[in-house]
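Trainee: Could you take me through a single part of this model in some detail, and then place that part in the chain as a whole?

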Amino acid sequence: MLLIINCVQMEIIYLENSLSRIVCREMSKMLDNKKLISAYKIVERYTNEEEKKYFKLDDILVGIAVKIIQYRIKNNLSQKELAAKLGISQAMVSKLESGDYNPTVKMLYEIAQNLGFELEIEFREKTSHAQH
């Protein structure tokens with residue numbers, strides 16, 4: 001996997017190896033032209049619908065990871081100390097912070113409760129412009 005950071009917007013996105021060559025080529029062009037665009041625009045331009053679903057899920061998991069890392073740093077906790085607070089192993093904290101682990105809703109609820117966070121999950125139908 002290749003990690004690309006768009007310094008202008010501080011967006012982070014993980015890209016599969018098959019897409020990374022295209023992205024690297026596109027990033028080279030942008031750097032040659034001294035113009036950076038959002039990594040999300042690259043994904044939108046060069047991926048199919050199935051790959052876009054993967055990136056949306058990945059974005060959610062990275063968002064969860066960032067919140068956990070921010071909490072740990074803000075509270076000056078090691079992964080081991082956070083693990084004790086959450087009642088999980090240090091290895092599980094590491095997995096959660098990597099953004100590669102897909103926790104269950106139950107696990108997210110328990111983490112939110114232990115950290116004093118609010119957990120909101122929105123599950124609704126997509127709206128269509130064609131609907132009347």
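Mentor: What follows is a close look at helix α4, and then at the aromatic pair and the rest of the chain. The model is predicted, with local features requiring pLDDT of at least 70 and side-chain atom pairs counting only at pLDDT 80 or more, while totals for chains, interfaces and linings use all residues. Residues are numbered from 1 along each chain as its sequence is written, and side-chain values use heavy atoms, with hydrogens and water left out.

Helix α4 spans residues 79-86, where helices (H or I, at least four residues) and strands (E, at least two) are DSSP runs numbered from the N terminus. Within α4, Gln79, Leu82, Ala83 and Leu86 are buried, buried meaning under 20% relative accessible area, exposed over 50% and partly exposed in between, with a 1.4 Å probe and protein chains only. These residues lie on the same side of α4 because they cover an arc of only 105° around the axis, the arc being that of the directions from the helix axis to the C-beta atoms. On the face turned away from that buried side, α4 carries the exposed residues Lys80 and Ala84. Just after the helix, Gly87 adopts a positive phi of about 75°.

Further along, Asp100 sits in the loop between α5 (90-98) and α6 (105-115), and with a relative accessibility of 55% Asp100 counts as exposed. Its C-alpha lies 7.7 Å from that of Val62, although the two residues are 38 apart in sequence.

The structure also holds one aromatic pair, for which rings of Phe, Tyr and Trp (its six-membered ring) must have centres within 6.5 Å, planes under 30 degrees apart counting as stacked, over 60 as edge-to-face and the rest as tilted. The ring centres of Tyr71 and Phe117 are 5.7 Å apart and their planes stand at 85°, so this pair is edge-to-face. It links distant parts of the chain, with Tyr71 in helix α3 (residues 49-74) and Phe117 in the segment after α6, 46 residues apart. Tyr71 is buried at 13% relative accessible area, whereas Phe117, at 34%, is partly exposed.

As for the whole, the chain has six helices and two strands, running β-β-α-α-α-α-α-α from the N terminus on. Of its 132 residues, 32% count as buried. Among contacts (heavy atoms within 4.5 Å) between residues at least 6 apart in sequence, 43% join residues at least 24 apart.
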